[in-house]
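This report is for a reader who has not met this structure before. It goes through the parts of the model in turn.

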Amino acid sequence: MTSSATAVEVRNGYKYYGSKSNPKIVLNYLNMSVLRGSIYGLLGASGCGKTTLLSCLVGQRRLNTGDVRVFGVKPGMPGSGVPGIRVGYMPQEIALVEEMSVRETIYYFGRIYGMTDERIYEKFKNLCSLLQLPPTGQLIKKCSGGQQRRVSFACALIHDPELLILDEPTVGLDPELREKIWEFLIETTRSNKLAVIITTHYIEEARQANCIGLMRNGVLLAEDTPENIMRRFEVNSVEEAFLILSQRQGDSDVIDVAQLPRADYQATSAICDGVEVIDSAIEKESSIKDQLEMEDSNKEHKMKDLREWLFITRGRIKALMIKNFVQLSRQPSGVVFMLLFPLIDLTCFYLAIGRTPQDLKVGLVSEEFSKWETCHDPQLRMVSAFNETCYLSNTSCLYVKELEAMNHINRIFYDNLEDAYRDAKEADILGYVYVPHNFSQSMQILIEYGRNADDEDIANAEIAVRLDMTDRQVSLFLEQKLREAFGNYLKTIINECNLPASVGNLPINFQKPIYGSEDTEFQQFVAPGVIMTMVFFLATLMTASVFISERLDGIWDRSLVAGVSTTQMLWAHLFTQLIIMIIQSTEVIVFVGLVFDTYNRGSTLLLIFLLSLNSFCGMLFGLLISVWCKSHTEANFSATGAFYPMIILCEYFKIILYIIGLLWPLEGMPTYLRKIVVFFPFTLSTTSARNIIEKGWDLTHPDVYNGFLVILAWIIIFFSFCMIGTKRNT
Ligand SMILES: Nc1ncnc2c1ncn2[C@@H]1O[C@H](COP(=O)(O)OP(=O)(O)OP(=O)(O)O)[C@@H](O)[C@H]1O
C-alpha cells in the first residue's frame, strides 16, 4: 500500500508506442518510488524513456499496463489535482508563448492554477530574484535560451506545487545558476513536503539528489541514494557507476527484467527510505495518521475542487483568452490575415470580377461603300421619308454609330472581308460584322413589302456576324451588345420613317422584375457566395494554424498538465475567435456597402449574424483539421483539399468558376448531386444571404432560416468530431 510519505509510485509500468503487433517498448515493467520531501534524480541515456515516464506521471499519457499513483491516486482521476494544481511540470522543450512577455507568461500560468493576481504578484517577485528572471516586460522570443528556461522553471513553481517534475531544467544554464537552483530545491524539499523528480544529462549534479534512478531501455537498473550507488560499484562518481551498470547490461536494446540482479530490479523506496531526507517531524508520523491524513487530504481536495470550480474555470478561460489575444495582436501577420485579407480579397473581387468588359475589338466590313470615310460625310443622308416611302442608303453607318455609342466595343474598320477574317484567325480581333453590298436597299424593301419581299432581299437585309466563341463569357456579351445595337438601329429607322414603334419590337414583353432589377450587377449576385466562402476559409486556415502551432510548441500539453481541460481550451479559443469573426464580418459588410456601393434590402444585423455564424463554422472546420492533422503541411493540404470540392459543388461558385472557364451551371449537375450539395455549408447559407440582401426577407422565411439551420448543423457536426478527436488525442 502506498504510504503517505510516498508522493509517486509506479508498479510494473509498461508502455509502448506504435501498434500492438509491432510495439516499440519504452517502459518495460518499471518500478519506481518517490518520497515526499525528497529529490529524485532520474538518469539515463537519451531515448531510454525518461520523458515518457514523466508524461505518465503527470497524466499526459497512460501506461498500457501497470499502475501509477501520485499522492495515492491515479493521475487524471477527478479531484486528484494531477494533472493540475498539485503538480508543477517543466517540460524539456520551452513550451511558452513566444509573443508573451515574462510577466504575462507567469500570470498566465498563475491564473490557470486558480491563483489570485495578488498572490501571483507576491510569488513572481520572489521568483524574479531567486531565478534572476529577465526584465518582466521582455518578450519570451527576445529572451536567450537560458532565460527562457528560467521563466519556464518559474512557471512550474508559481503555485507552490506538492510535486515538481523537471525534465532537464538545467540545460543551458550557467554553473552558478544551476547550483542556485539545486540549493533552492534542496531547501524547499527540506522545509516542506515538496517532492521533486528531475532528469538531467549532467549526471554529477544528481549527486545532490536524495535518490537516484538509473534508467536504461525502459527499466530502472538501480534506485538508491547516490552514496550507496557509488559504494556498491566502488567508484567515486555517479557517472562511473552508471557506466559500469550500463556495460554490465550489455548493448542489448532489450533488457530481460527477470535477469536483473534482484536488489537492483526491486529498486524499492525502502532503499531510499534509509536516507535522512525527511524532517524528523515528518518521520515521526505514524502510518495510521499518514493514512488518515491522506484520505482527509484527498477529500479536502475534492471539496476544494468543487468549491473553486467556477472561480478556476472563469480564471482559466480568462487566462486562455488573454493569451490568445496577446498572441494574435503581437503577430502582425495574424492581424493582417484576419482583418486586412478580407478587404484585399474583396477589393480584388470587385475590381476583377463581374465588371462589364471594355475595349472588345470587333472588325467591321461594309460592302455598301468602298471607304469608311463615307460615313463621316456631313452631307450623308441615310434615312429619308418621302411620299409614304422610306428611302434607305448606307445605313451600315447608322449601325456603326450605334455600336460607337455602346462604349464597350472598339471598332476596327476593314475594307474587305479577307483582311477581317485573317485578323480574327490571328485572334487580333474577337470577330467581325459584315454588311452586304445592297443591305440598305434590301432593308427598305423588307420594311415596305414585309412578307412579300423576295428571298434575295430578305437574305441581303441581314448583317452577318462571326465571332471567336472560345471565351464564352465575352462572346455572349458581344452577341448581346451587337443585337442591342441592331435594335437601336431599327428603332431609329422606324422613327425616322414615321412607322409605328411596335413594328420593330419582338412580340414578347419583359415587365418590371419581381425581385432585383433588369440591370442587376453580376457582382451583386455573386458577392454573397464570395464573402461566405472567403470568411469560412480564412477562419479555417487561421484556426488550424493556431492550434497546430500551439500543439507543436508544447503550450497545449503544458496547459493540460497545469489542469486546463481540453473543453476549457476549446471554449476559450471559440470565444476569442467568435469575437474576431464578429469584427471581421461587420468590417466586411460595412466595407462592401461603403466602398463598393453594394445595397442590402434586408437587415444588416441579420447579415452580420449569418456571416459570423458561417465563419464560426469555418473555424470549427479548422479546429477539426488541427485535431486530426499532425503538422502545418498536413493541415494545409487538408484545408485546400476540402476547399475545392466545396466551392466547386456549391451553387454560386459555379458562376465564378464559370467566368474563369472551369465550371458548368448547377442545373447541369445530376439530380442526386444537386440534392447533396444543398447540405454543403455554403449553398443554402448563400441563398439565405441573397434572400436577405435582394428580397429583404427576415428570419421567419424558410429560404432564410434554412441557411442558418444548415450552418448550425455543421457547427454541431464539426464540434462533435473535434471533441471526439481531442479526447482521443489526450
Ligand atoms: N509519440 C511517440 N511516438 C513514437 N515513439 C516515441 C514517441 N515519443 C517518444 N518516442 C520514442 O520513445 C523512446 C523514448 O523517448 P523519450 O522521449 O521518453 O526518451 P528520453 O529518455 O526522455 O530521451 P531524452 O533524454 O533524449 O529526452 C525514444 O526512442 C523515442 O524515439
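Over residues 525-549 the chain is 100% helix and 0% strand, with its end C-alpha atoms 38 Å apart. This stretch belongs to a predicted model, and UniProt, in an unreviewed entry, gives 525-549 as one of the spans with the feature "transmembrane region". The other spans listed there under that feature are 334-353, 569-596, 605-628, 643-664, 676-693 and 705-724. The unreviewed UniProt entry also places "domain: ABC transporter" at residues 8-242. Three of the annotated spans are set side by side below.

| Residues | Helix | Strand | Distance between end C-alpha atoms |
|---|---|---|---|
| 525-549 | 100% | 0% | 38 Å |
| 569-596 | 93% | 0% | 39 Å |
| 8-242 | 33% | 26% | 23 Å |

Met-534 is found in helix H18, which covers residues 522-553. Is Met-534 buried or exposed? Met-534 counts as buried because it has 21 C-beta neighbours inside 10 Å, and the cut-off for a buried residue is 20 or more. Leaving out residues up to four places away in sequence, Met-534 touches Pro-342 and Asp-345. Ser-517 is 17 residues from Met-534 in sequence, and the two C-alpha atoms are 26 Å apart in space.

The protein as a whole has 26 helices and 15 strands. Of its 730 residues, 40% count as buried. Among contacts with a separation of 6 or more, 76% are between residues 24 or more positions apart.

The largest nonpolar core holds 91 residues. Those with the most contacts inside this core are Val-8, Leu-57, Ala-154, Ile-158, Ile-165, Val-196 and Ile-197. Beyond its neighbours within four places in sequence, Val-196 is in contact with Ile-39, Tyr-40, Leu-164, Leu-166, Leu-185 and Thr-189. A second, separate core has 50 residues, including Met-338, Ile-548, Ile-625 and Phe-718.

Which residues surround the ligand? They are Tyr-17, Lys-24, Val-26, Gly-44, Ser-46, Gly-47, Cys-48, Gly-49, Lys-50, Thr-51, Thr-52 and Gln-92. By class, this shell has three nonpolar, seven polar and two charged residues. Strand E2 (23-35) and helix H1 (50-57) each supply at least two residues of the shell. The largest share, three residues, comes from H1.

Some backbone angles deserve a separate note. Most residues other than glycine have a negative phi, and most peptide bonds are trans. Phe-71, in the loop between E4 and E5, has a positive phi, near 55 degrees. Phe-71 is buried, because 24 other C-beta atoms lie within 10 Å. Pro-83 lies in the loop between strand E4 (65-70) and strand E5 (87-90). A cis peptide bond joins Val-82 and Pro-83, with omega about -5 degrees. Asp-160 also has a positive phi, near 50 degrees, and its place is in the loop between helix H4 (145-157) and strand E6 (163-167). With 15 other C-beta atoms within 10 Å, Asp-160 is partly exposed.

Confidence comes last. The average pLDDT of the protein is 82, and 86% of the residues score at least 70. Over residues 252-271 the pLDDT is below 50, and this stretch has 27 contacts in the model beyond near neighbours in sequence. Residues 274-288 also have a pLDDT below 50, with 17 contacts beyond near neighbours in sequence. Where pLDDT is low, the predicted coordinates should not be read in detail. The model scores ipTM 0.96 and pTM 0.72.

Note on methods
Residues are numbered from 1 along each chain as its sequence is written. This is a predicted model: local features need pLDDT of at least 70, side-chain atom pairs count only at pLDDT 80 or more; totals for chains, interfaces and linings use all residues. A residue is near a molecule or strand if its C-beta atom, placed from the backbone, lies within 6 Å of it. Helices (H or I, at least four residues) and strands (E, at least two) are DSSP runs, numbered from the N terminus. Ala, Val, Leu, Ile, Met, Phe, Trp, Tyr, Cys and Pro count as nonpolar, Asp, Glu, Lys and Arg as charged, and the others, Gly among them, as polar. A residue is buried if 20 or more other C-beta atoms lie within 10 Å of its own, exposed if 12 or fewer, and partly exposed in between; C-beta atoms are placed from the backbone. Two residues are in contact if their C-beta atoms, placed from the backbone, lie within 7 Å. A nonpolar core is a set of buried Ala, Val, Leu, Ile, Met, Phe, Trp, Tyr and Cys residues joined through C-beta atoms within 7 Å. UniProt positions are given in the numbering used here, feature names are shortened, and annotations may be inferred rather than shown by experiment. pLDDT is the predictor's confidence in each residue, from 0 to 100.
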